[in-house]
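Please take me round this structure in a viewer, stop by stop. Tell me what to select next and what is there.

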Amino acid sequence: MLNTIDQIFIKAKQIILDILSPFLPEWMMILISIFIVIVTLCVFGPVVMMYLTLLERKFIGRMQNRYGPNRCGIFGLLQPLSDGIKMFTKEDIVPQKADPFAHFLGPITVIIPSLLVFSVIPFGRNMIPSDLSIGILFFFAVASTSTLWIFTAAWGSRNKFSLLGGMRAVAQMVSYEIPMLLSIVPALLVVGSFSTVAIVNAQEGLQWFVFTPWGLVGFILFFLTGVAEVNRCPFDLPEGESEIIAGFHTEYSGMKFALFYMAEYMNAFSVSALVTTVYLGGWQGPILPSWLWFFAKTFVLISIMMWFRGTFPRMRVDQLMGFAWRGLLPLAFINLLAAALWVHLSFPLNDILSFCILTVSVLMIYVANRKVAPKKRIYKYAYE
Amino acid sequence: MYGLGVLKGLWVTIKNFTLSYFTRKRLTTVQYPEERITLSEHARTFPILVYDESPDKLRCVACEICAKECPPKCISIVRAQDEAGKPLKQPKFFDIDYSVCMNCGICEEVCPFDSIYMDRQFELSAYERSEEFLYTKDRLAKSAEYFSKIRPETAKKVEEKRKAKEK
Ligand code: SF4
Ligand code: SF4
């Protein structure tokens, strides 16, 4: 019974294929089985995005003691749909001086990487669109191209604010890509494979990587850099409303604007999914079906992102860069060392040693980065 | 301690988030069409003309003081005349353009005959601007009971004043 629920999506796909198989040749069946997965993902992505926007508005509303959207349908559940209709009916404005091709290309291409990265995420047991042996590499390679399209859009708008936003996006991504990749290397080191399925399988039972010292640090590093990588608050400098209007999507309206939002939310989802996969054990978990575990963990991470958004003010550019280069990067290197020691040594010693190394280094980085405010001078003789 | 503010901020927001589900007092939003706040005595929107017994017996005597005082000049009054051409003590036309009126209440203050008063009806949206917001005499006319219902204290004072004058 539990097994059936666990594999329910696989079964559903199999049933569709079984119905079609008597009528179609074999090569068509292969195409259709691929096609089903693609259609599912292409529908799943936008739906996730729509309801994440609703969830975010509700969450942040409650954090500010408001209701959030509650007019459209019960609990505002139809709000995303009506927003979608609104977006479709809006006028599509292209600035006169904009480069029409780049302006058009930006929003369309920006969602392609966001959809592509879904193909290596294991949503449940046996529920991975394609188990690439270089899954993690594929994820990073594809996800980082989205910055190029953001910059295309910014450049094509021929607006100074857009261009500033685009440049910020590139700068931010260059500095956060490094700690992000380094924070995931310890897990690859321990597992010895790039495949996402292998990583999840290595965390069998409750041996999630987050319960080891290096795993905890890696998880925090990866999550923070992930938040920065998908341009979410408090790292949303590329679209800082109070400084540069809306950053790279200043000149976009209607559905093109919605596409940027879609890309942003789908990226937030896929980064949370990858953090779940690498450090929180993916779909591993007792009793409940595997996909439910996966979505529950991802949901918790996304809620934390929204919690951040409801709490933190936007960082300054220098703070953002300083945080990456002086805080996260050294910690990522030390974490790599700790993980290497952890693999090399045997049980009680490895935990203790890596724990000690990490605690000491976190403290050292903390002390080294502390703001040194000069002591207030007291003028002793000035008034006498 | 450096960095502690981050945790404090997170604590504040999560507290707001959870408590807003349990403490209704935290949610200050009034769900407008279903819930309404009670308006205070002197809440005002647009002027109305008060009559005593029947709509043709307006208190207004067409003295045009309010029309002269009105800052955006949105009141226009034409005095009625009898057959012989003698002016009567009542308006023939009394129009207020609500789309121009700025809700200042000066007309109410200057009227020496306690005729024009500010209403509190604010749901006046219409599909057309020039016709539907031009309030003519018959649309402006409201009974004295209506007035005493919306602004009981002011109405009581006005009644006392008028009775004292009659004696
Ligand atoms: S409303 Fe009052 S001030 Fe205005 S014309 Fe009539 S009596 Fe005069
Ligand atoms: S409220 Fe002010 S603006 Fe409106 S009619 Fe009276 S005097 Fe004129």
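The tour below goes from the chain contact to the ligands and ends at a sheet.

**Before you start**

Keep in mind that this is a predicted model.

**Stop 1: the contact between chains A and B**

Show both chains and colour them separately. Select the residues on either side of the contact: 17 come from chain A and 19 from chain B. Within chain A, pick out A:Arg62, A:Asn65 and A:Tyr67. These residues lose the most area to chain B, together 39% of what the chain A side buries. How much area is buried between chain A and chain B? The value is about 1,700 Å², and carbon and sulfur atoms give 58% of it.

Now look for polar contacts across the interface. Nine residue pairs, both members at pLDDT 80 or more, are in polar contact between chain A and chain B. Next, show chain A as a cartoon. Helix H3 (26–63), helix H12 (290–311) and helix H14 (347–369) of chain A each supply at least two residues of the side that touches chain B. Which element gives the largest share of that side? H12(A) does, with four residues. Colour the chain A side by class and you get seven nonpolar, five polar and five charged residues.

**Stop 2: the salt bridge across the interface**

Search the whole structure for salt bridges and 18 turn up over all chains. Between chain A and chain B the count is one. To see this pair, select B:Glu34 and A:Arg71, whose side chains meet at 3.2 Å, N to O. The pair crosses between chains. B:Glu34 sits in the loop between helix H1 (4–22) and strand S1 (47–51) of chain B. A:Arg71 sits in the loop between H3 and helix H4 (79–89) of chain A. Side chains of opposite charge can pair when their charged atoms come close.

**Stop 3: ligand 1**

Centre on ligand 1 and show its shell of 13 residues. The closest are B:Cys60, B:Cys63, B:Glu64, B:Cys66 and B:Cys111. How does the shell around ligand 1 divide by class? Eleven residues are nonpolar, one is polar and one is charged.

**Stop 4: ligand 2**

Move to ligand 2, which 14 residues surround. Label the closest: B:Cys70, B:Cys101, B:Cys104, B:Gly105 and B:Cys107. The shell around ligand 2 has twelve nonpolar and two polar residues, with no charged residue.

**Stop 5: the sheet in chain B**

Switch chain B to cartoon and find the open sheet. Three strands make up this sheet in the order S2-S3-S5, with antiparallel pairing. Strand S2 (75–81) and strand S5 (134–135) of chain B are the edges; each has a single partner strand, so one side of each is left without a neighbour in the sheet.

Zoom in on S2(B) and strand S3 (residues 87–97) of chain B, which run antiparallel and are joined by six bridges. Step along the pair:

- B:Ser76 is opposite B:Asp95 in S3(B).
- B:Ile77 is opposite B:Phe94 in S3(B).
- B:Gln81 is opposite B:Pro87 in S3(B).

Follow the chain round the hairpin of S2(B) and S3(B), which has five residues between the strands. Stop at B:Gly85 in this hairpin, where phi is positive, near 90°.

Finish on the other pairing. S3(B) and S5(B) are antiparallel too, over two bridges. Select B:Asp97 and look across to S5(B): the bridge partner there is B:Leu134.

Methods. Residues are numbered from 1 along each chain as its sequence is written. Chains are lettered from A and ligands numbered from 1 in the order in which they are written. This is a predicted model: local features need pLDDT of at least 70, side-chain atom pairs count only at pLDDT 80 or more; totals for chains, interfaces and linings use all residues. Side-chain values use heavy atoms; hydrogens and water are left out. A residue is near a molecule or strand if one of its heavy atoms lies within 4 Å of it. Ala, Val, Leu, Ile, Met, Phe, Trp, Tyr, Cys and Pro count as nonpolar, Asp, Glu, Lys and Arg as charged, and the others, Gly among them, as polar. Two strands pair if DSSP finds at least two bridges between them. Contact means heavy atoms within 4.5 Å. Buried area is the accessible area (1.4 Å probe) that two parts lose on being put together, summed over both. A salt bridge is a side-chain nitrogen of Lys or Arg within 4 Å of a carboxyl oxygen of Asp or Glu. A polar contact is a pair of N or O atoms within 3.5 Å; within protein, one must be able to donate a hydrogen and the other to accept it, and residues adjacent in sequence count only if both atoms are side-chain atoms.
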